[in-house]
Amino acid sequence: MADYHWTGGNLPTFVTYLECSLTGERYPADTLQTLSKAGRPLLVRYDLDGVRRALPREALSARPQTLWRYRELLPVRRPENTISLGEVMTPLISLSRIAARLTGGGEILVKDEGRLPTGSFKARGLALAVSMAKELGVGTMAMPTNGNAGAAMAAYCSRAGMKAYVFCPDDTPAVNVREIAMQGAEVFLVDGLIDDCAKLVSEGERAVGWFNCSTLREPYRIEGKKTMAIELAEQLGWELPDVIFYPTGGGTGIIGMWKAFAELEAIGWIGPKRPRMVAVQAAGCAPMVKAWQEGVEHASRWVNAHTFAAGIRVPQGVGDFLILRAVRESEGFAIAVSDDAIATAWGEVAGEEGLLLCPEGAATYAAYKQALADGRVRPKDRVVLFNCASGLKYPMPEAGRHLKLGGAIDWRQLTAGNPISSAT
């Protein structure tokens, strides 16, 4: 089996059609598509019997450790359209000290997506979205972003030789704004939230014809994000965890993972067991939590959305019903955590385990502690927390003492936790 740099014409893909996630209506796969006629996301469908016959699970061991190892379950048909910045498999890191303290025997694993290009899990979705845009003849792409998705689109568009326009809320972290601009995109700051940015992208789509790459408005970011689930299954020996805590804004990842589990079972790589899917949101922006609690299928727009975990500050999403279906079908739940709890969790994991999460990743640990305390997860459960980006991309709170040393040092005072500067 050749590696992902396929040389024999078309890649061995098995895409058959696209399907409206709400109505089931079918659309052709090899033409440029956005939302369905019903205004809902399109899902890529595959000849899974063909994948089962063509790809034994054991064949993966000979392939490079990148997301492209799963090419038969990805939509790119021609190798020259594969836009890559080296999308490595991300590690599973055990929080063994914390698990011993909190559970006395359970397992807490962090899937650390901060190791990907552009420092976040957005690289997965945008690698596929930009690759497919190139394959389908797109020259210019645009999107709204809270930071990381825009950085990823800018990077992959630059790599593909495409033009990118990115619209950010005006309080987007400065490092993200600089990153987007540095990677060649035109970046605009908007007085509003991400859905206000999305309106501008849609206006531009109508006015100048750029391709709108907003969350779930094209079919392929889901396909990139679903590789998180395939990787996770492979890393755990094809035995899925008991619970997954996932930071949920637009929800592409939770939708993609739930889709991937069904595909993996259909090709015989896993059994029927599914993890309970937990959608984690901030208390200041929790539309999915409210909808889940009320038992409805669609979430109303969250008014006055606020949280310092910018990646999950999404007041409303077009894929709300798909997120809620994954949560309910898995017998999971949606949970909101306060900004104070997120900040505490952020420092706790860094100080106790040496792992610097992003705020959204810290929200999953805060949610796990909350769910453990109220009995919604058991101490013995194997739990996976998704850390969606490198913590180095975010302004960090003050921690510990920072004193300048000079002259003679009283080492006893210093090692007692009271470093004192002494000039002589």
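Buried here means under 20% relative accessible area. Keep in mind that this is a predicted model.

Q: Which residues of α3 are buried?
A: The cut-off to use is under 20% relative accessible area. Helix α3 is mostly covered, with twelve of its 14 residues falling in that class. Going along the helix, the buried ones are K122, A123, R124, G125, L126, A127, L128, A129, V130, S131, M132 and A133.

Q: What covers the buried residues of α3?
A: The cover includes both strands and helices. Among the strands are β5 (107-112) and β6 (140-144). The helices include α4 (148-160), α7 (221-225) and α8 (227-235).

Q: How many Å apart are the end C-alpha atoms of helix α3?
A: Helix α3 runs over residues 122-135, so it has 14 residues to count. At 1.5 Å a residue, the helix should span 20 Å. The model agrees with that expectation, as the end C-alpha atoms are apart by 20 Å.

Q: Which residue with a positive phi follows α3?
A: Look just past the helix for a backbone phi near 90°. The residue with that positive value is G137.

Q: Which are the edge strands of the open sheet of four strands?
A: The sheet has the order β8-β7-β6-β9, and its pairing is parallel. An edge strand pairs on one side only. That description fits β8 (186-190) and β9 (211-212).

Q: In β7, what is the bridge partner of A142?
A: Strands β6 and β7 (residues 163-169) pair in the parallel sense, over five bridges. In the bridge that involves A142, the partner from β7 is Y165.

Q: Which strands does helix α5 touch as it packs on the sheet?
A: Helix α5 covers residues 174-182 and packs on that sheet. Its direction makes about 150° with that of β8, one of the strands it touches. The full pair is β7 and β8.

Q: What is the radius of gyration of the protein?
A: A compact globule with 424 residues would come out near 22 Å. The C-alpha atoms fill a box of roughly 75 × 50 × 50 Å along the principal axes. The protein agrees with the globule value, at 22 Å.

Q: What percentage of contacts between residues at least 6 apart in sequence join residues at least 24 apart?
A: The protein has 14 helices and 13 strands, and 57% of its 424 residues count as buried. For the contacts in question, the share joining residues at least 24 apart is 69%.

Methods:
Residues are numbered from 1 along each chain as its sequence is written. This is a predicted model: local features need pLDDT of at least 70, side-chain atom pairs count only at pLDDT 80 or more; totals for chains, interfaces and linings use all residues. Side-chain values use heavy atoms; hydrogens and water are left out. Helices (H or I, at least four residues) and strands (E, at least two) are DSSP runs, numbered from the N terminus. The expected span of a helix is 1.5 Å times one less than its number of residues. Buried means under 20% relative accessible area, exposed over 50%, partly exposed in between (1.4 Å probe, protein chains only). Contact means heavy atoms within 4.5 Å. Two strands pair if DSSP finds at least two bridges between them. Axes are lines fitted to C-alpha atoms, for helices over the stretch in contact, and angles run from 0 to 180 degrees between N-to-C directions. The radius of gyration is taken over C-alpha atoms; the globule rule is 2.2 Å times the number of residues to the power 0.38.
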